[in-house]
Amino acid sequence: MSKNLVIVESPAKAKTIEKFLGKDYVVASSFGHVADLPSKELGVNVESDFKPKYIVSSDKKDVIKKLKALAKKADTVWLASDEDREGEAIAWHLFEQLKLKESDTKRIVFHEITKKAILAAVENPRSINYDLVNAQQARRVLDRLVGYELSPVLWRKVKSGLSAGRVQSVAVRLIVEREREVENFNSVASYRVDAEFTNEHGKKFKAKLPKNFKTRDEAEAFLQSCVGAEFNIADLQVKPAKKSPAPPFTTSTLQQEASRKLYFPVAKTMGTAQRLYEAGLITYMRTDSFNLSNDAKKAAQETIISNYGESYSKPRNYITKSKGAQEAHEAIRPTNMANSHVSIDYDQDRLYRLIWKRTIASQMSDAQLERTNVKIVNDKNVKTFTANGEVIKFEGFLKVYIEGTDNGDNGEQAGILPKLQVNETVNHNYISATERYTKPPYRFSEAALVKKLEELGIGRPSTYAPTISTIQRRGYVEKPILEGKERNYTRLILNNNTVDKKELTERVGADKGKLIPTDIGRVVNDFLVQNFENVMDFGFTAKVEADFDSIAEGKENWTTVIKEFYTDFHSNVEHVAEHAERAKGERLLGKDPKSGNNVYARLGRYGAMVQIGEVSDEEKPKFASLQGSQTLNSITFEEALDLFQLPKSLGEYEGKEVIVSNGRFGPYVKFEEMYVSLPKGGDPMQVNLEDAIELIVAKQKADAPIAEYEGFPVQKAIGRFGPYLKWNGQFINVSKKYDFDNLTEEIIAEIIEIKKQKDIDKIIHNWETEGIRVEKARWGRFNIIKGKIKIELPKTTDTDKLTLEKVQKLIAKKTPAKKKARKKTTKKK
């Protein structure tokens with residue numbers, strides 16, 4: 001019997017820690033949270049004390065049972081979940097659910113999984129920090145209240161199935177507002193003047209005018225004035241400069257830099273960092289502190305001196321500016337500075353290498369530079385060209401690491417200038433005036449959004465990744481590839497005393513990997529901003545985060561914070577639910593030339609669509625779904641009318657008509673009784689007969705029987721859940737152990753027979769005369785089936801006691817509701 005039980009959140013973490021503790025310790029995993037609010041009810045007592053109702057989910061009951069058994073055998077239980085608020089809450093839930101005694105329970109924390117850190121934690125246990133627990137409870141309860149009360153309002157006023165969240169909705173607002181800035185931006189043209197000169201020694205260098213010309217006439221007049229001009233160096237200044245390294249990584253800066261340099265989505269960065277942490281290779285990856293321990297700084301110094309020399313070493317301390325940052329925590333760093341690589345997985349090595357470089361660079365010397373600024377004048381006009389050069393005199397930290405910037409915008413990179421001197425005559429090889437346009441604001445990448453959220457004080461290190469994943473999963477935001485469009489521009493060139501003109505084209509508006517709001521995201525955002533201004537306010541959301549910090553520091557009572565918020569919020573929810581108009585995201589496009597009715601782009605039950613006519617008209621309005629890249633905001637009147645050409649006949653194939661149309665589940669081609677979906681993003685208006693025939697032939701080949709069994713054809717296909725066979729009206733999954741591309745008749749027979757036997761084995765009761773049966777279902781549950789009626793029974797049901805009479809009563813309870821619904825429909829008709 002082991003004297004000690006150590007409980008952590010993950011098996012990987014448990015496996016690493018086990019290596020450092022002796023045989024008197026058993027390390028087990030809770031697999032994350034063991035208790036949470038119920039999924040099918042509010043789970044918060046809003047009538048009095050806002051006390052949450054925590055339950056153990058069905059998938060965690062076995063975990064609790066196992067941990068209870070281990071705890072009974074141990075003299076001491078060590079709760080070793082992560083050191084943040086979430087980890088503290090996990091420790092508290094374990095304490096409560098396992099019914100542990102305070103005298104036999106110890107809480108330990110560490111920010112790295114190394115032998116030294118683990119043994120030090122065991123030597124310095126503490127009790128559960130209930131201030132941290134309450135801060136986590138406050139966040140969980142407030143987010144539940146907001147989501148649980150706002151979501152039903154969205155179902156009634158916008159579209160069913162929608163949901164809202166406190167931080168997520170504010171993040172969507174940032175993205176929507178930025179997209180509107182991009183759409184409403186008016187580019188202004190001007191002419192940028194660049195020149196290439198050659199000095200007296202034949203060395204070339206480039207220069208430019210500091211200010212653009214507003215018009216083409218001004219630019220051309222300037223170039224004409226330079227014909228035959230003599231240029232010379234009017235001024236030359238050389239100044240020393242330095243660059244200092246960036247601090248080591250916090251959660252947000254790691255997410256930003258991994259996005260810029262490794263092209264990792266935020267969720268991938270955090271998942272990869274989690275595995276590195278659990279393997280004991282880096283410190284805890286959820287932190288907002290720049291702090292490095294003295295041991296870490298000393299180890300970094302030794303590595304720098306060993307690898308690069310003493311002149312490259314400069315130990316530094318960084319001050320954390322983030323509100324609520326815990327300086328007892330450390331920045332994200334390697335646990336062993338001597339290891340610049342890890343031999344695990346490719347992505348883990350890339351992220352580890354990034355963390356190692358940033359940490360080492362943060363403790364290195366400044367880079368010493370020499371910056372040169374040159375001014376060039378001429379004898380024909382008063383304009384002055386400037387040229388900038390930069391020479392690295394001492395690399396310092398640049399030998400290891402250069403920090404990235406958002407949007408690939410590093411500004412004008414200063415090059416190396418040739419040796420020049422004041423009053424030296426230089427010859428111009430060419431002078432160009434290029435038409436340039438002002439650029440709209442950059443769309444948010446995931447990294448840029450994290451940076452903005454942090455600047456506004458919205459969210460904390462643990463919330464950035466889930467927030468960004470959630471808004472994409474809910475369909476409020478997407479990362480499409482934007483093709484952009486062609487734009488013409490002019491370039492004037494002075495060469496050999498002649499000004500020539502060139503008309504050129506460039507592609508503008510193209511974007512990839514940026515966060516762009518969907519139609520539903522815009523409509524939901526506008527509705528929430530209009531009706532729940534307080535919840536959607538950036539300042540309010542930041543204040544809530546500050547309140548959570550105060551609770552964690554023991555300065556505020558968490559239930560008081562929740563109560564102050566909920567009183568006004570709940571009354572606002574009730575008012576909006578009762579009085580607010582339904583949100584449609586409606587945009588009037590024009591009038592239908594045939595009927596004279598209004599044409600709208602708006603949000604409908606199944607998504608974005610175009611509508612001709614009013615719901616109040618005697619004649620029912622016509623509807624058509626938007627296609628491909630069309631959005632409520634971008635669709636034109638002409639494009640909207642084109643949608644009503646569907647269904648459209650494309651011609652004939654094998655003597656039968658081929659039709660392209662659009663349905664509830666997207667655009668399709670119809671041929672006889674066959675329906676073939678267009679590829680994702682396919683525009684039915686662009687499909688011709690040749691395209692349709694290609695789809696039909698492919699579908700015919702896919703649907704062609706590959707065999708016959710017991711008089712029924714056997715077809716094979718790959719669906720949403722993998723490869724399957726279709727036989728006798730049944731869809732039969734094909735296991736990975738079979739070669740799906742080379743199924744023989746014997747194997748097909750085997751697959752079908754196994755399926756038939758499974759169907760027999762799962763039947764518990766079968767009353768053939770009544771057409772009723774009871775079957776085993778997934779997850780240990782049971783189903784009562786009669787025709788199209790299916791009633792799910794819990795796994796606690798004693799099926800041996802189910803009689804035909806009891807089953808018929810259960811079916812009867814479900815049937816009347818359907819009959820009533822059918823009667824209402826009939827009356828309306």
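**Group meeting: a walk through the model**

Okay, let's start at Pro647, which sits in the loop between α17 (637-642) and β19 (648-653). What we have here is a predicted model, so keep that in mind throughout. What is the peptide bond from Leu646 to Pro647 doing? That bond is cis, with omega near -5 degrees. For background, most peptide bonds are trans, and most residues other than glycine have a negative phi.

That brings me to the backbone angles. Phe31 has a positive phi, near 55 degrees, and it's a residue other than glycine. You'll find Phe31 in the loop between β2 (25-29) and α2 (61-73). How accessible is Phe31? The relative accessible area is 47%, so Phe31 goes down as partly exposed.

Asn496 is the other one I want to show you. Again we're looking at a positive phi, about 55 degrees, and Asn496 is not a glycine. Its loop runs between β12 (485-495) and β13 (498-508). Is Asn496 buried or exposed? Exposed, because its relative accessibility is 67% and the cut-off for exposed is over 50%.

Right, on to the sheets. There's an open sheet of four strands, paired in parallel, and the order is β2-β1-β3-β4. Which strands stand at the edges? Those are β2 and β4 (105-107); each has a single partner strand, so one side of each has no neighbour in the sheet. On average, and ignoring direction, neighbouring strands of this sheet are turned by 25 degrees against each other.

Inside that sheet, take β1 (residues 4-8) and β3 (residues 76-79): they pair in the parallel sense over four bridges. If you want a residue to click on, Ile7 stands opposite Leu79 in β3. Then helix α1 (residues 11-18) packs on the sheet, where it touches β1 and β2. The direction of α1 makes about 165 degrees with that of β2.

Now scroll along to β7, β8 and β9. Strand β7 (residues 231-243) pairs with β8 (residues 367-378) in the antiparallel sense, over twelve bridges. Which residue is the bridge partner of Gln237 in β8? It's Asn373. β8 also pairs with β9 (residues 385-394), again antiparallel, this time over nine bridges. There, Val374 has Ala387 in β9 as its bridge partner. And how do you get from β8 to β9? Through a hairpin, with six residues joining the two.

Last stop, the cavities. How many of 30 Å³ or more turn up in a search of the whole structure? Two. I'll talk about the second largest, which holds about 40 Å³ of space. The residues lining that cavity are Ser169, Val172, Tyr476, Gly521, Val524, Asn525, Leu528 and Met536. Two elements give two or more residues to this lining, namely α6 (166-183) and α14 (519-531). Which one gives the most? That's α14, with four residues. As for chemistry, the lining of this second largest cavity breaks down by class into five nonpolar and three polar residues, with no charged ones.

So, places to go back to on your own screens: the cis bond from Leu646 to Pro647, the positive phi at Phe31 and at Asn496, and the second largest cavity with α14 in its lining. That's me done, thanks.

Key: Residues are numbered from 1 along each chain as its sequence is written. This is a predicted model: local features need pLDDT of at least 70, side-chain atom pairs count only at pLDDT 80 or more; totals for chains, interfaces and linings use all residues. Side-chain values use heavy atoms; hydrogens and water are left out. On a 1 Å grid over the protein atoms alone, a cavity is a set of points where a 1.4 Å probe fits but cannot get out, and a pocket is an open set with protein on both sides within 12 Å along at least five of seven lines; lining residues have an atom within 4 Å of a point. Grid points are joined across faces, edges and corners, and a volume is the space filled by probe spheres set on the points. Ala, Val, Leu, Ile, Met, Phe, Trp, Tyr, Cys and Pro count as nonpolar, Asp, Glu, Lys and Arg as charged, and the others, Gly among them, as polar. Buried means under 20% relative accessible area, exposed over 50%, partly exposed in between (1.4 Å probe, protein chains only). Two strands pair if DSSP finds at least two bridges between them. Axes are lines fitted to C-alpha atoms, for helices over the stretch in contact, and angles run from 0 to 180 degrees between N-to-C directions. Contact means heavy atoms within 4.5 Å.
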